[in-house]
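Me: Please take a close look at one part of this predicted model. I should like a connected account of its salt bridges and of the surface around them.

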Amino acid sequence: MTTRDDLYRLVGQLRPETLDDAAAALRQYTPADSDEPPYPASVGVLTEAPADLATNVDDYLSEGFGR
């Protein structure tokens, strides 16, 4: 029987150029109403960011944005 650890090990051995195909193959086995978003967890990290962040990025970075 395959365990999650077996799958994690396999994923860790994937070549970067095969990641999209592997994800597509696994996606068919996940529920459509999954609580997980269909994008990386890092997307939306800046939901609390100021509205003018893109315009004034240099100013925010010089002030230590995110600290």
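Reply: A residue counts as buried under 20% relative accessible area, as exposed over 50%, and as partly exposed in between. By that scale Arg 9, at 49% relative accessibility, is partly exposed. Arg 9 is one partner in a salt bridge with Asp 6, in which the closest N and O atoms are 2.6 Å apart. Asp 6 has a relative accessibility of 24% and therefore also falls in the partly exposed class. Both residues belong to helix H1, and because they are three residues apart there, about one helical turn separates them. In general, side chains of opposite charge can pair when their charged atoms come close.

A search of the whole structure, which is a predicted model, finds two salt bridges. Besides the pair in helix H1, the side chains of Arg 15 and Glu 17 meet in a salt bridge, with an N to O distance of 2.8 Å. Here both partners lie on the other side of the 50% cut-off for exposure: Arg 15 is exposed, with a relative accessible area of 52%, and Glu 17 is exposed as well, at 58%.

Helix H1 also contributes to a nonpolar part of the surface. The helix spans residues 4-12 and includes Val 11. Val 11 joins Leu 14, Leu 19, Leu 26 and Tyr 29 in a nonpolar surface patch of about 480 Å². A residue needs over 30% relative accessible area to be part of a patch, and Val 11, partly exposed at 43%, therefore meets that requirement.

A patch of negative charge is found elsewhere on the surface, where Asp 52, Asp 58, Asp 59 and Glu 63 gather. Of these residues, Asp 59 lies in helix H3, which covers residues 57-62. The relative accessible area of Asp 59 is 45%, so this residue is partly exposed.

The wider setting is as follows. The protein chain has three helices and zero strands, and its pattern along the sequence is α-α-α. Of its 67 residues, 6% count as buried. The chain exposes about 6,400 Å², and carbon and sulfur atoms supply 54% of that area. Within this setting, the bridge between Asp 6 and Arg 9 joins two partly exposed residues, while the bridge between Arg 15 and Glu 17 joins two exposed ones.

Definitions and conventions. Residues numbered from 1 in each chain as written. Predicted model: local features only at pLDDT ≥ 70, side-chain atom pairs only at ≥ 80, totals over all residues. Heavy atoms only, no water. Helix = DSSP H or I, 4+ residues; strand = E, 2+ residues; numbered from the N terminus. Buried < 20%, exposed > 50% of the residue type's maximum accessible area, 1.4 Å probe, protein only. Areas by Shrake-Rupley, 256 points an atom, 1.4 Å probe, with all protein chains shown as cover. Patch = residues over 30% accessible without salt bridge, like charges linked within 9 Å, V, L, I, M, F, W, Y side chains within 5 Å. Salt bridge = Lys/Arg side-chain N within 4 Å of Asp/Glu carboxyl O. Lys, Arg positive; Asp, Glu negative; His and termini not counted. Charge placed at Lys NZ, Arg CZ, Asp CG, Glu CD.
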